[in-house]
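Biologist: Before I rely on this model, I should like to know the grounds for each term used to describe it. Might we go through them one by one?

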Amino acid sequence: MTKALIAVGIALALLIGGLGLAVYLTRDEDNLEVDNMLAENLTKAIALAQSDTGGRVVLPSLTAFDWDRVLLVQQDTPVRAISRRIGYPWTGVVGFRTGDEFLFMKGRRVVRFADYRGDGRFAGFARPFAVLPRAHAVLRVRDLVVTPG
């Protein structure tokens, strides 16, 4: 009976050790997850801009973190192109493909990013990338067409 219990204990230890090793080897700590709350707030602000704020969306008023510019990335821009633009491998993760992405940058690093989830379309921006400095990060919305402000 003692030998059986020892064998079961060893098997459990090996199983737990194997699971721990699998988690350790497959982790990806470098991924930057989409800020869902920011994405929802941004989408809502654009949807309501015409009726609530005279057609203006002031991006700094939607954020409570430090950033100096936002990079507006056109929908379906390849990851390789984003990586070239920001100067390091882009590992941003969105659970599903939606619209344009807003990469909020401080210096050379992306500090947060959000995706646009609404029905509007972006016009008048350089494509596939547009840079909006924080001081001029205002969007104009008319009939769900978003343009630089």
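Modeller: Let us begin with a sheet, bearing in mind that the model is predicted. Four strands form an open sheet in the order E2-E9-E10-E7, and the pairing is mixed.

Biologist: What makes E2 and E7 stand at the edges of this sheet?

Modeller: Strand E2 (56–58) and strand E7 (121–122) each have a single partner strand, so one side of each is left without a neighbour in the sheet.

Biologist: How do you know that E2 pairs with E9?

Modeller: Two strands count as paired if at least two bridges are found between them. Three bridges join E2 to E9, and therefore the two are paired; they run antiparallel. Within this pairing, Val58 stands opposite Val138 of E9.

Biologist: Which strands does H2 touch where it packs on this sheet?

Modeller: Helix H2 touches E2, E7, E9 and strand E10 (145–148), and its direction makes about 60° with that of E9.

Biologist: Which strands make up the other four-strand open sheet, the one with antiparallel pairing?

Modeller: Its order is E6-E5-E3-E8. Strand E6 (109–115) and E8 are the edge strands, as each pairs on one side only. From one strand to the next, the twist averages 25°.

Biologist: What joins E3 to the strands beside it?

Modeller: Five bridges join E3 to strand E5 (residues 101–106), and five join E3 to strand E8 (residues 129–133). E3 runs antiparallel to E5 and likewise antiparallel to E8. Arg69 has Met105 as its bridge partner in E5, while Val73 has Phe129 as its bridge partner in E8. Further along the sheet, six bridges join E5 to E6, again antiparallel; here Leu103 is partnered by Phe113 of E6. H2 lies across E5 and E6 and runs at about 55° to E6.

Biologist: Why is E3 described as largely enclosed?

Modeller: Four of the five residues of E3 (residues 69–73) are buried, so the strand is largely enclosed by the rest of the structure.

Biologist: Why is the pair formed by Trp67 and Phe104 called edge-to-face?

Modeller: Two rings pair if their centres lie within 6.5 Å, and planes over 60 degrees apart count as edge-to-face. The centres of Trp67 and Phe104 are 5.0 Å apart and their planes stand at 75°, so both conditions are met and the pair is edge-to-face. The pair links distant parts of the chain: Trp67 is in the loop between E2 and E3 and Phe104 is in strand E5, 37 residues apart.

Biologist: How do you know whether Trp67 and Phe104 are buried or exposed?

Modeller: The term buried requires under 20% relative accessible area. Trp67 has 1% and is therefore buried; Phe104, also at 1%, is buried on that ground.

Biologist: How many aromatic pairs does the whole structure hold, and which residues do ring pairs link into a cluster?

Modeller: The search finds six pairs. Ring pairs link Phe102, Tyr116, Phe122 and Phe125 into a cluster.

Biologist: What makes Arg109 count as sitting over the ring of Tyr88?

Modeller: The distance must be within 6 Å of the ring centre, and the charge must also lie within 35 degrees of the ring normal. The charged end of Arg109 is 3.7 Å from the centre of the Tyr88 ring, and it is found to sit over that ring.

Biologist: Which residues have the most contacts inside the largest nonpolar core?

Modeller: They are Ile46, Leu59, Phe102, Phe122, Phe125 and Leu139, in a core of 23 residues. Helix H2 (36–52), E3, E5, E8 and strand E9 (138–142) each supply at least two residues of this core. H2 gives the most, with five. Leaving aside neighbours within four places in sequence, Leu139 is in contact with several residues, including Ile46, Leu59, Phe102 and Phe125. A second, separate core has 14 residues, among them Tyr88, Met105, Val110 and Phe129.

Biologist: What is the secondary structure of the whole protein, and what share of its residues is buried?

Modeller: The protein has three helices and 10 strands. Buried residues account for 34% of its 149 residues. Of the contacts between residues at least 6 apart in sequence, 63% join residues at least 24 apart.

Methods:
Residues numbered from 1 in each chain as written. Predicted model: local features only at pLDDT ≥ 70, side-chain atom pairs only at ≥ 80, totals over all residues. Heavy atoms only, no water. Buried < 20%, exposed > 50% of the residue type's maximum accessible area, 1.4 Å probe, protein only. Core = buried A, V, L, I, M, F, W, Y, C linked by side-chain atoms within 4.5 Å. Contact = heavy atoms within 4.5 Å. Axes fitted to C-alpha atoms, helices over the stretch in contact; angles between N-to-C directions. Phe/Tyr/Trp six-rings, centres within 6.5 Å; stacked < 30°, edge-to-face > 60°.
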